[in-house]
Amino acid sequence: MITRRDFLKKSVITAAGVALPLAAFEVLDPKKLMAQEAADTKNGTRWAFVVDTYKCVGCGLCVKACKLENEVPYDTSVTRTWVERYVITKDGKTHADTPKGGRDGFTTSKISLGMSEEAAPKDMMAKPETKPTEKFEDIDPNDITKAFFVPKLCNQCDNPPCVQVCPVGATYQTPDGVVLVDRTWCIGCGYCIMGCPYGVRFFHPVYHTAEKCTFCYHRITKGLKTACVQACPFGARQIGNLKDPNDPVTKIIMTERVSVLKAEYGTKPQVFYIGLDKEVR
Amino acid sequence: MKNHALRPLFVVIGIIVLILLFRIVYVPKDFGIGERGYMYGWHRHSNEQDWKNFKVKYQGKEYCKDCHSDKYDSINKTPHKIIQCENCHGPAIDHPSDPPKLTIDRSRALCLRCHYPLPYPTSGRANIKSIDPDKHNPGMECVTCHNPHNPMEGLR
């Protein structure tokens, strides 16, 4: 027979045992922790990006270059970087689109409203009568108060929420601040895609693993610029090292008025924008 | 306590030991925390090298300089000098060994990426001369008249 006292004693021990996280068994070595901190300050690179929205003309050559450089299937809708168009009219309305992510540029002044919604077929087996067609909105040039393009890409956040949610350690941040995905380790659960407030992650159509902008890690670590930065004829995109005070990108961030997307999320994004407006989300 | 009460416990311990053994075999040796600590740095270290080994495809304008010096010198005298050759000809990769020839895109769409008239005064687009494709020689390739490497010279 188990006594009341025994029962209580055992329950307390069990509860305490269950509450103890596995990590607690690892002995934290203060020397190791110090070394980690030292490595943080010693490591001389932190990649960061500047986008000048005044300079962007919406040619979309950055998107084309990114897709070809990084083997993101060209004719799929997914892309690691894209260009958004914002047209603000006198009535205060914002009209925004990004047809094909801006891959082919913006060769019409009409704003894409996306695919038209089909009338749901009454009989589930019946074929839809009309093919979905892209709908457009005409805008009178005289109504435009301001209009501009905003290139988007991964913000390589200092506090990347996408990394925190990965259950298997397939996505991580490199010492120089780039968030990468280990394709051999990703199980395709999609948490990181949901976790990113900027919507920069997607499933790779071929590998079926989480995919994202790598700041062209294979290029920047060889001293080259990213494919998108190199492709931009207008200097609207720039990449640099925040830990180098003489880097042009660092100088812009230190001396000019820049802003980041969704600062209120506390993710500390490292893509800085010049000329960002309140309409841009 | 009775043996039958402990038996399930042994089974559970056995399963845990098996899982831990499997984990030792399955998880790569270089899996661990990086400089960014548990929260952001828990990963397989050799994956960083995997990404660094990815093939570079865009070589940049200077790569073309020696073999296509005519095009290189010509475009550098014009406002088109800011455009990378590979923006119009596709990534060079290992050209001329692989691929031996780069693509030539003669479509009007290529030029209209920048020269389509968009009335956007607050963007850099306003500074590029534009033509209305429905009025400016419709149906003809732009390059029948304009040399892309020297757009206003000797209009063909």
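**Exercise 1. Count the helices and strands of chain A, and find how much of the chain is buried.**

Step 1. Chain A holds eight helices and twelve strands. Both are DSSP runs, numbered from the N terminus: helices are H or I with at least four residues, strands E with at least two.

Step 2. This is a predicted model, where local features need pLDDT of at least 70 and side-chain atom pairs count only at pLDDT 80 or more, while totals for chains, interfaces and linings use all residues. Residues are numbered from 1 along each chain as its sequence is written, chains are lettered from A and ligands numbered from 1 in the order in which they are written, and side-chain values use heavy atoms, with hydrogens and water left out.

Step 3. Of the 281 residues in chain A, 45% are buried (buried means under 20% relative accessible area, exposed over 50%, partly exposed in between; 1.4 Å probe, protein chains only).

**Exercise 2. Work out the strand order in the open sheet that contains β1 of chain A, and say which strands stand at the edges.**

Step 1. The order is β11-β1-β12 in chain A, with mixed pairing (two strands pair if DSSP finds at least two bridges between them).

Step 2. β11 (237-241) and β12 (271-274) of chain A each have a single partner strand, so one side of each lacks a neighbour in the sheet.

Step 3. From one strand to the next, the twist averages 25 degrees (axes are lines fitted to C-alpha atoms, for helices over the stretch in contact; angles run from 0 to 180 degrees between N-to-C directions).

Step 4. Now look at what packs on this sheet: helix α8 (residues 248-255) of chain A touches β1, β11 and β12 of chain A, and its direction makes about 100 degrees with that of β11(A). Touching here is contact, heavy atoms within 4.5 Å.

**Exercise 3. Trace how β1 meets β12 in chain A, and where the side chains of β12(A) point.**

Step 1. Strand β1 (residues 47-52) of chain A runs parallel to β12(A), and four bridges join them.

Step 2. Along this pairing, A:V50 stands opposite A:F272, and A:D52 opposite A:I274.

Step 3. In a regular strand, side chains alternate between the two faces of the sheet. Here A:V271 and A:Y273 point one way from β12(A), A:F272 and A:I274 the other way, and all are buried.

**Exercise 4. List the buried residues of helix α6 in chain B and name elements that cover them.**

Step 1. In α6 (residues 108-115) of chain B, the buried residues are B:R108, B:L110, B:L112, B:R113 and B:C114.

Step 2. Their cover includes α3 (61-69) of chain A and α5 (85-89) of chain B.
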